[in-house]
Amino acid sequence: MKILAIESSCDETAAAVVERKNNEPVVSVLSNVIATSLDIHATTGGIIPENAAREQVKYIIPVIIEALLKSENIEASSAEDNFKNAKNILAKKIDAIAVTYGPGLVGSLLIGVETAKTVSLTFNKPLVPVNHLLAHLFANFIQSTTISHKLSAISFPLIGLIVSGGHTDLLFFDSLTKYKWLGGTRDDAAGEALDKIGRLLNLSYPAGPEIENRANEFLKLNPNRQLLNAKFHSPMIGSKDFDFSFSGLKAEVARFVEKNNNMDEKIKNEICFAVQKAIIDVLVKKTVRAAKMYNCETILVGGGVSANQTLLEELKLTTKSQIPNANILSPEKRFSTDNAAMIGAYALMDYSPRDWQKVTSTPDLYFD
Ligand code: KG4
Ligand code: ZN
(Lines give C-alpha, C1' and ligand atoms only; values in the text may rest on other atoms or scores of the structure.)
(Ligands and ions follow the chains in the order given, each with its own letter.)
Protein backbone atom coordinates (compact mmCIF):
# COMPACT_ATOMS: atom_id res chain seq x y z
CA MET A 1 0.00 0.00 0.00
CA LYS A 2 1.20 3.50 -0.89
CA ILE A 3 0.19 6.61 1.04
CA LEU A 4 0.58 10.32 0.38
CA ALA A 5 1.11 11.90 3.81
CA ILE A 6 0.77 15.56 4.74
CA GLU A 7 2.11 17.30 7.88
CA SER A 8 1.49 20.96 8.66
CA SER A 9 1.06 21.15 12.44
CA CYS A 10 3.64 23.85 13.15
CA ASP A 11 6.28 25.63 11.05
CA GLU A 12 7.06 22.80 8.63
CA THR A 13 5.01 22.11 5.52
CA ALA A 14 5.77 18.53 4.62
CA ALA A 15 4.58 15.83 2.25
CA ALA A 16 5.84 12.30 1.71
CA VAL A 17 5.00 9.14 -0.17
CA VAL A 18 5.51 6.00 1.87
CA GLU A 19 4.94 2.34 1.23
CA ARG A 20 4.42 -0.86 3.19
CA LYS A 21 4.71 -4.25 1.54
CA ASN A 22 3.35 -7.65 2.56
CA ASN A 23 2.12 -6.42 5.92
CA GLU A 24 5.71 -6.35 7.23
CA PRO A 25 6.38 -3.85 10.07
CA VAL A 26 8.64 -1.89 7.72
CA VAL A 27 7.84 1.43 6.05
CA SER A 28 9.81 2.58 3.00
CA VAL A 29 10.06 6.25 2.17
CA LEU A 30 9.75 6.93 -1.56
CA SER A 31 9.90 10.71 -1.13
CA ASN A 32 10.06 13.11 1.79
CA VAL A 33 9.80 16.85 1.13
CA ILE A 34 9.92 19.57 3.79
CA ALA A 35 9.60 23.32 3.44
CA THR A 36 10.27 25.16 6.66
CA SER A 37 9.65 28.71 7.72
CA LEU A 38 12.29 28.29 10.45
CA ASP A 39 14.39 31.18 9.12
CA ILE A 40 11.49 33.55 9.74
CA HIS A 41 10.99 32.20 13.27
CA ALA A 42 14.70 32.37 14.04
CA THR A 43 14.47 36.15 13.68
CA THR A 44 11.70 36.27 16.29
CA GLY A 45 13.34 33.63 18.55
CA GLY A 46 10.18 31.53 18.46
CA ILE A 47 7.17 30.74 16.32
CA ILE A 48 4.52 33.37 15.68
CA PRO A 49 1.46 31.26 14.71
CA GLU A 50 0.13 33.79 12.22
CA ASN A 51 3.45 33.82 10.35
CA ALA A 52 3.65 30.02 10.34
CA ALA A 53 0.14 29.66 8.87
CA ARG A 54 0.82 32.22 6.15
CA GLU A 55 3.90 30.25 5.07
CA GLN A 56 1.93 26.98 5.08
CA VAL A 57 -0.46 28.40 2.49
CA LYS A 58 2.46 29.32 0.27
CA TYR A 59 4.14 25.91 0.40
CA ILE A 60 1.45 23.26 0.69
CA ILE A 61 0.66 22.62 -2.99
CA PRO A 62 4.26 22.87 -4.30
CA VAL A 63 5.44 20.50 -1.54
CA ILE A 64 2.75 17.91 -2.33
CA ILE A 65 3.53 18.09 -6.06
CA GLU A 66 7.25 17.68 -5.41
CA ALA A 67 6.67 14.68 -3.11
CA LEU A 68 4.50 12.97 -5.74
CA LEU A 69 6.97 13.58 -8.57
CA LYS A 70 9.94 12.42 -6.49
CA SER A 71 8.15 9.23 -5.46
CA GLU A 72 8.14 8.20 -9.14
CA ASN A 73 11.56 9.71 -9.93
CA ILE A 74 10.04 12.20 -12.35
CA GLU A 75 12.18 15.28 -13.00
CA ALA A 76 10.43 18.58 -12.36
CA SER A 77 9.74 20.54 -15.56
CA SER A 78 7.19 23.24 -16.42
CA ALA A 79 4.57 24.08 -13.80
CA GLU A 80 1.85 22.77 -16.10
CA ASP A 81 3.59 19.41 -16.67
CA ASN A 82 4.40 19.03 -12.98
CA PHE A 83 0.76 19.51 -12.11
CA LYS A 84 -0.37 17.03 -14.76
CA ASN A 85 2.16 14.41 -13.67
CA ALA A 86 1.32 14.86 -9.99
CA LYS A 87 -2.38 14.41 -10.73
CA ASN A 88 -1.62 11.25 -12.67
CA ILE A 89 0.46 9.79 -9.83
CA LEU A 90 -2.21 10.64 -7.31
CA ALA A 91 -4.91 8.97 -9.38
CA LYS A 92 -2.98 5.85 -10.35
CA LYS A 93 -0.32 5.12 -7.72
CA ILE A 94 -1.59 6.43 -4.40
CA ASP A 95 -3.95 4.26 -2.34
CA ALA A 96 -4.78 6.69 0.48
CA ILE A 97 -4.08 10.11 1.99
CA ALA A 98 -2.84 10.61 5.58
CA VAL A 99 -2.81 13.91 7.41
CA THR A 100 -1.87 15.28 10.84
CA TYR A 101 -5.11 16.47 12.48
CA GLY A 102 -3.51 17.51 15.80
CA PRO A 103 -2.06 18.63 18.06
CA GLY A 104 -0.58 21.84 16.70
CA LEU A 105 -1.24 25.43 15.77
CA VAL A 106 -4.80 25.94 14.60
CA GLY A 107 -3.95 27.98 11.50
CA SER A 108 -1.19 25.63 10.39
CA LEU A 109 -3.21 22.46 10.99
CA LEU A 110 -6.21 23.77 9.08
CA ILE A 111 -4.20 24.19 5.91
CA GLY A 112 -2.95 20.60 5.86
CA VAL A 113 -6.27 19.10 6.92
CA GLU A 114 -8.41 21.03 4.45
CA THR A 115 -5.95 20.30 1.62
CA ALA A 116 -5.94 16.59 2.49
CA LYS A 117 -9.76 16.50 2.60
CA THR A 118 -9.96 18.18 -0.80
CA VAL A 119 -7.47 15.75 -2.33
CA SER A 120 -9.24 12.79 -0.75
CA LEU A 121 -12.62 13.90 -2.10
CA THR A 122 -11.39 14.90 -5.55
CA PHE A 123 -9.40 11.73 -6.18
CA ASN A 124 -11.72 9.44 -4.25
CA LYS A 125 -9.01 8.16 -1.89
CA PRO A 126 -9.51 7.08 1.74
CA LEU A 127 -8.38 9.64 4.31
CA VAL A 128 -6.46 8.63 7.47
CA PRO A 129 -6.27 11.26 10.23
CA VAL A 130 -3.08 10.93 12.30
CA ASN A 131 -2.10 12.05 15.80
CA HIS A 132 1.22 13.89 15.36
CA LEU A 133 2.52 12.69 18.75
CA LEU A 134 1.99 9.01 18.11
CA ALA A 135 3.49 9.48 14.65
CA HIS A 136 6.76 10.62 16.28
CA LEU A 137 7.03 7.13 17.81
CA PHE A 138 5.90 5.34 14.66
CA ALA A 139 8.76 7.02 12.77
CA ASN A 140 10.68 4.10 14.25
CA PHE A 141 9.01 1.79 11.72
CA ILE A 142 10.69 3.66 8.87
CA GLN A 143 13.49 1.72 7.27
CA SER A 144 16.67 3.68 7.69
CA THR A 145 19.46 4.03 5.18
CA THR A 146 22.00 5.21 7.75
CA ILE A 147 21.39 3.19 10.91
CA SER A 148 20.84 -0.52 11.19
CA HIS A 149 17.37 -0.63 12.59
CA LYS A 150 16.28 -3.86 14.16
CA LEU A 151 12.68 -3.37 13.06
CA SER A 152 11.87 -7.07 13.23
CA ALA A 153 13.02 -6.99 16.87
CA ILE A 154 10.36 -4.47 17.92
CA SER A 155 8.38 -6.52 20.37
CA PHE A 156 5.34 -5.74 22.48
CA PRO A 157 4.76 -4.68 25.16
CA LEU A 158 6.94 -1.61 24.68
CA ILE A 159 7.61 1.82 26.14
CA GLY A 160 7.45 4.96 24.02
CA LEU A 161 9.18 8.20 24.98
CA ILE A 162 8.08 11.27 23.02
CA VAL A 163 10.45 14.21 23.41
CA SER A 164 9.71 17.11 21.11
CA GLY A 165 9.51 20.89 21.17
CA GLY A 166 5.94 20.79 22.43
CA HIS A 167 5.64 17.48 24.29
CA THR A 168 7.34 15.12 26.70
CA ASP A 169 5.33 11.95 27.29
CA LEU A 170 5.84 8.36 28.38
CA LEU A 171 3.50 5.72 26.97
CA PHE A 172 3.06 2.00 27.49
CA PHE A 173 1.98 0.02 24.41
CA ASP A 174 0.42 -3.40 24.97
CA SER A 175 0.07 -3.77 21.22
CA LEU A 176 0.32 -1.51 18.20
CA THR A 177 -3.03 0.13 18.86
CA LYS A 178 -3.59 -0.44 22.58
CA TYR A 179 -1.67 2.01 24.69
CA LYS A 180 -1.75 3.81 28.02
CA TRP A 181 -0.34 7.23 28.86
CA LEU A 182 1.96 6.91 31.88
CA GLY A 183 2.94 10.53 32.41
CA GLY A 184 4.20 13.69 30.82
CA THR A 185 5.46 17.16 31.45
CA ARG A 186 3.51 19.38 33.79
CA ASP A 187 4.79 22.55 32.16
CA ASP A 188 7.48 23.04 29.51
CA ALA A 189 8.48 20.19 27.22
CA ALA A 190 12.14 19.12 27.11
CA GLY A 191 12.69 20.74 23.69
CA GLU A 192 10.86 23.88 24.76
CA ALA A 193 13.12 24.17 27.81
CA LEU A 194 16.21 23.79 25.61
CA ASP A 195 14.92 26.45 23.21
CA LYS A 196 14.05 28.90 26.01
CA ILE A 197 17.42 28.37 27.69
CA GLY A 198 19.02 28.87 24.29
CA ARG A 199 17.38 32.27 24.11
CA LEU A 200 18.81 33.17 27.55
CA LEU A 201 22.27 32.28 26.23
CA ASN A 202 21.83 33.91 22.83
CA LEU A 203 22.10 30.63 20.96
CA SER A 204 20.65 29.73 17.57
CA TYR A 205 17.00 28.71 17.31
CA PRO A 206 15.94 25.97 17.82
CA ALA A 207 18.68 25.57 20.40
CA GLY A 208 18.72 21.76 20.88
CA PRO A 209 21.46 21.02 18.32
CA GLU A 210 23.71 23.90 19.49
CA ILE A 211 23.27 22.89 23.14
CA GLU A 212 24.31 19.35 22.22
CA ASN A 213 27.37 20.62 20.30
CA ARG A 214 28.40 22.93 23.12
CA ALA A 215 27.95 20.14 25.69
CA ASN A 216 30.28 17.99 23.57
CA GLU A 217 32.81 20.85 23.43
CA PHE A 218 32.71 21.04 27.24
CA LEU A 219 33.29 17.29 27.47
CA LYS A 220 36.32 17.43 25.19
CA LEU A 221 38.08 19.74 27.64
CA ASN A 222 36.59 18.13 30.77
CA PRO A 223 36.44 14.39 30.14
CA ASN A 224 35.95 13.81 33.87
CA ARG A 225 32.73 15.90 33.67
CA GLN A 226 33.78 18.11 36.56
CA LEU A 227 31.39 21.07 36.71
CA LEU A 228 33.14 24.19 38.03
CA ASN A 229 30.44 26.82 37.79
CA ALA A 230 27.05 25.65 36.63
CA LYS A 231 25.12 22.87 38.31
CA PHE A 232 21.39 22.50 37.90
CA HIS A 233 18.79 20.22 39.46
CA SER A 234 17.31 17.41 37.45
CA PRO A 235 13.63 18.26 37.92
CA MET A 236 11.35 15.63 39.50
CA ILE A 237 14.05 12.98 39.28
CA GLY A 238 13.08 11.56 42.66
CA SER A 239 9.29 11.47 42.18
CA LYS A 240 7.63 8.07 41.96
CA ASP A 241 5.36 9.04 39.05
CA PHE A 242 6.22 9.31 35.38
CA ASP A 243 5.78 13.07 35.17
CA PHE A 244 8.31 15.71 34.20
CA SER A 245 8.72 19.45 34.76
CA PHE A 246 11.25 21.61 33.02
CA SER A 247 10.21 25.21 33.64
CA GLY A 248 12.11 25.35 36.97
CA LEU A 249 15.30 24.45 35.15
CA LYS A 250 14.86 27.43 32.85
CA ALA A 251 14.36 29.66 35.93
CA GLU A 252 17.53 28.24 37.52
CA VAL A 253 19.54 29.01 34.38
CA ALA A 254 18.01 32.52 34.21
CA ARG A 255 19.18 33.21 37.78
CA PHE A 256 22.65 31.89 36.95
CA VAL A 257 22.87 34.10 33.84
CA GLU A 258 21.73 37.14 35.83
CA LYS A 259 24.52 36.62 38.36
CA ASN A 260 27.21 36.01 35.73
CA ASN A 261 26.85 38.76 33.19
CA ASN A 262 30.32 38.32 31.72
CA MET A 263 29.94 34.87 30.34
CA ASP A 264 32.65 33.54 28.04
CA GLU A 265 32.22 30.65 25.61
CA LYS A 266 33.67 28.18 28.12
CA ILE A 267 31.02 28.96 30.73
CA LYS A 268 28.30 28.86 28.09
CA ASN A 269 29.49 25.39 27.06
CA GLU A 270 29.47 24.30 30.69
CA ILE A 271 25.91 25.58 31.16
CA CYS A 272 24.86 23.67 28.05
CA PHE A 273 26.44 20.49 29.39
CA ALA A 274 24.80 20.93 32.80
CA VAL A 275 21.37 21.70 31.28
CA GLN A 276 21.53 18.76 28.90
CA LYS A 277 22.59 16.46 31.73
CA ALA A 278 19.78 17.64 34.01
CA ILE A 279 17.21 16.93 31.29
CA ILE A 280 18.68 13.62 30.13
CA ASP A 281 19.11 12.21 33.66
CA VAL A 282 15.41 12.45 34.45
CA LEU A 283 14.28 11.28 31.00
CA VAL A 284 16.51 8.21 31.19
CA LYS A 285 15.68 7.36 34.80
CA LYS A 286 11.89 7.44 34.31
CA THR A 287 11.95 5.71 30.92
CA VAL A 288 14.03 2.80 32.21
CA ARG A 289 11.91 2.56 35.36
CA ALA A 290 8.76 2.38 33.20
CA ALA A 291 10.31 -0.32 30.99
CA LYS A 292 11.21 -2.40 34.05
CA MET A 293 7.85 -1.90 35.74
CA TYR A 294 5.93 -2.95 32.61
CA ASN A 295 8.35 -5.74 31.57
CA CYS A 296 9.25 -4.12 28.27
CA GLU A 297 12.34 -4.96 26.29
CA THR A 298 11.65 -2.48 23.50
CA ILE A 299 11.91 1.28 24.00
CA LEU A 300 10.93 3.59 21.14
CA VAL A 301 12.09 7.20 21.33
CA GLY A 302 10.76 9.88 19.01
CA GLY A 303 10.46 13.63 18.52
CA GLY A 304 13.04 16.32 17.79
CA VAL A 305 14.98 15.83 21.04
CA SER A 306 15.54 12.16 20.17
CA ALA A 307 18.07 13.48 17.64
CA ASN A 308 20.26 14.05 20.71
CA GLN A 309 22.98 11.37 20.62
CA THR A 310 23.85 11.77 24.31
CA LEU A 311 20.25 10.98 25.29
CA LEU A 312 20.35 7.79 23.23
CA GLU A 313 23.78 6.78 24.52
CA GLU A 314 22.76 7.30 28.14
CA LEU A 315 19.55 5.35 27.56
CA LYS A 316 21.52 2.47 26.09
CA LEU A 317 24.10 2.57 28.86
CA THR A 318 21.51 2.52 31.65
CA THR A 319 19.36 -0.22 30.09
CA LYS A 320 22.42 -2.38 29.48
CA SER A 321 22.83 -3.07 33.17
CA GLN A 322 19.12 -3.10 34.07
CA ILE A 323 17.39 -4.68 31.02
CA PRO A 324 20.07 -6.79 29.32
CA ASN A 325 18.03 -7.63 26.17
CA ALA A 326 16.71 -4.13 25.64
CA ASN A 327 16.21 -2.92 22.09
CA ILE A 328 16.25 0.88 21.94
CA LEU A 329 15.20 2.52 18.73
CA SER A 330 15.18 6.09 17.60
CA PRO A 331 14.47 7.33 14.09
CA GLU A 332 17.09 8.55 11.67
CA LYS A 333 17.65 12.28 12.41
CA ARG A 334 15.58 13.53 9.45
CA PHE A 335 12.62 11.47 10.70
CA SER A 336 12.95 12.53 14.36
CA THR A 337 12.13 16.21 13.81
CA ASP A 338 8.79 17.07 12.17
CA ASN A 339 8.26 15.37 8.81
CA ALA A 340 5.47 13.79 6.78
CA ALA A 341 7.01 10.33 6.38
CA MET A 342 6.25 9.61 10.06
CA ILE A 343 2.60 10.58 9.47
CA GLY A 344 2.47 8.10 6.60
CA ALA A 345 4.25 5.48 8.72
CA TYR A 346 1.55 5.74 11.38
CA ALA A 347 -1.22 5.48 8.80
CA LEU A 348 0.38 2.37 7.29
CA MET A 349 0.90 0.66 10.64
CA ASP A 350 -2.57 1.49 12.00
CA TYR A 351 -4.65 1.92 8.85
CA SER A 352 -7.94 3.48 10.02
CA PRO A 353 -9.52 5.73 7.36
CA ARG A 354 -12.39 8.03 8.32
CA ASP A 355 -15.07 9.87 6.35
CA TRP A 356 -13.56 13.14 5.23
CA GLN A 357 -16.54 15.00 6.74
CA LYS A 358 -15.53 13.68 10.17
CA VAL A 359 -11.91 14.77 10.00
CA THR A 360 -11.33 18.12 11.69
CA SER A 361 -8.23 19.95 12.86
CA THR A 362 -7.87 19.40 16.60
CA PRO A 363 -5.19 21.77 17.97
CA ASP A 364 -5.42 20.44 21.54
CA LEU A 365 -5.49 16.75 20.60
CA TYR A 366 -3.65 14.64 23.16
CA PHE A 367 -4.05 10.90 23.72
CA ASP A 368 -7.31 8.91 23.47
O1 KG4 B 1 9.61 17.19 17.05
P2 KG4 B 1 10.05 18.55 16.70
O3 KG4 B 1 10.70 18.76 15.35
O4 KG4 B 1 8.89 19.56 16.77
C5 KG4 B 1 7.79 19.42 17.62
O6 KG4 B 1 6.90 18.61 17.31
O7 KG4 B 1 7.81 20.10 18.65
O8 KG4 B 1 11.04 19.00 17.87
C9 KG4 B 1 11.72 20.22 17.87
C10 KG4 B 1 12.58 20.27 19.11
C11 KG4 B 1 13.18 21.65 19.36
O12 KG4 B 1 12.86 22.04 20.67
C13 KG4 B 1 14.68 21.41 19.18
O14 KG4 B 1 15.48 22.27 20.01
C15 KG4 B 1 14.82 19.98 19.58
O16 KG4 B 1 13.67 19.35 19.02
N17 KG4 B 1 16.04 19.34 19.02
C18 KG4 B 1 17.04 18.85 19.79
C19 KG4 B 1 18.04 18.39 18.90
N20 KG4 B 1 17.61 18.60 17.62
C21 KG4 B 1 16.37 19.20 17.72
N22 KG4 B 1 17.18 18.78 21.13
C23 KG4 B 1 18.31 18.23 21.60
N24 KG4 B 1 19.32 17.80 20.82
C25 KG4 B 1 19.23 17.84 19.47
N26 KG4 B 1 20.22 17.39 18.72
ZN1 ZN C 1 6.64 17.14 16.35
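Which backbone oxygen does the side chain of S234 reach? In the predicted model described here, the side chain of S234 reaches the backbone oxygen of A278, at 2.5 Å. A second polar contact of the S234 side chain is made with the backbone nitrogen of V282, at 3.5 Å. The residue itself is placed in the loop that runs between helix 7 (208–221) and helix 8 (247–259). With a relative accessible area of 15%, S234 falls under the 20% limit and is therefore buried. When residues up to four places away in sequence are set aside, S234 touches A278, D281 and V282. Helix 9 covers residues 265–293.

The overall fold was examined next. The protein contains twelve helices and ten strands. For its 368 residues, a compact globule would be expected to have a radius of gyration near 21 Å, and the value for the protein, 21 Å, agrees with this. Along the principal axes, the C-alpha trace extends over about 65 × 45 × 35 Å. Of the 368 residues, 54% are buried. Among contacts with a separation of 6 or more, 74% are between residues 24 or more positions apart. The exposed area of the protein is about 16500 Å², of which carbon and sulfur atoms supply 51%. The protein carries 39 positive and 41 negative charges, and the mean positions of the two sets are 4 Å apart.

Helix 6 (residues 190–200) contributes several residues to the interior, with A190, G191, A193, L194, D195, I197 and G198 being buried. These buried residues pack against two strands, strand 6 and strand 7 (168–173), and against helix 7, helix 8 and helix 9. Helix 7 and helix 8 are also the elements that flank the loop holding S234. After helix 6 comes N202, which has a positive phi, near 60 degrees.

A buried position was also found in helix 4, where G112 is located. The relative accessibility of G112 is 0%, so this glycine counts as buried. Beyond its neighbours within four places in sequence, G112 is in contact with I6, S8, I60 and V99. Of these partners, I60 lies within the span of helix 2 (49–71), and V99 within that of strand 4 (96–102). By contrast, the C-alpha atoms of G112 and V18, which are 94 residues apart along the chain, are separated by 17 Å.

A further buried loop residue is N308, which is found between strand 9 (298–302) and helix 10 (309–322). N308 counts as buried because its relative accessibility is 8%, under the limit of 20%. The side chain of N308 reaches the backbone nitrogen of T310 at 3.0 Å, and T310 belongs to the residue range of helix 10. Leaving aside neighbours within four places in sequence, the contacts of N308 are with E212, Q276 and I280. E212 falls in the range of helix 7, whereas Q276 and I280 fall in that of helix 9.

Backbone geometry was then considered. Most residues other than glycine have a negative phi, and most peptide bonds are trans. Two cis peptide bonds that precede proline are described here. One joins G102 and P103, with omega at about -10 degrees; P103 lies in the loop between strand 4 and helix 4 (106–123). The other joins F156 and P157, with omega at about 0 degrees. P157 is placed in the loop between helix 5 (132–138) and strand 6 (158–163).

Positive phi values occur at two asparagines in loops, N73 and N124. For N73, phi is near 55 degrees, and the residue is found in the loop between helix 2 and helix 3 (79–93). N73 has a relative accessible area of 72%, which is over 50%, so the residue is exposed. For N124, phi is likewise near 55 degrees, and the loop in question connects helix 4 with strand 5 (127–131). N124 also counts as exposed, because its relative accessibility is 68%. The loop residues S234 and N308, in contrast, are buried, with 15% and 8% respectively.

Notes
Residues are numbered from 1 along each chain as its sequence is written. Chains are lettered from A and ligands numbered from 1 in the order in which they are written. This is a predicted model: local features need pLDDT of at least 70, side-chain atom pairs count only at pLDDT 80 or more; totals for chains, interfaces and linings use all residues. Side-chain values use heavy atoms; hydrogens and water are left out. Helices (H or I, at least four residues) and strands (E, at least two) are DSSP runs, numbered from the N terminus. The radius of gyration is taken over C-alpha atoms; the globule rule is 2.2 Å times the number of residues to the power 0.38. Buried means under 20% relative accessible area, exposed over 50%, partly exposed in between (1.4 Å probe, protein chains only). Contact means heavy atoms within 4.5 Å. Accessible areas come from the Shrake-Rupley method with a 1.4 Å probe; for residues, only the protein chains shown count as cover. Lys and Arg count as positive and Asp and Glu as negative; His and the chain ends are not counted. The place of a charge is taken as NZ of Lys, CZ of Arg, CG of Asp or CD of Glu. A polar contact is a pair of N or O atoms within 3.5 Å; within protein, one must be able to donate a hydrogen and the other to accept it, and residues adjacent in sequence count only if both atoms are side-chain atoms.
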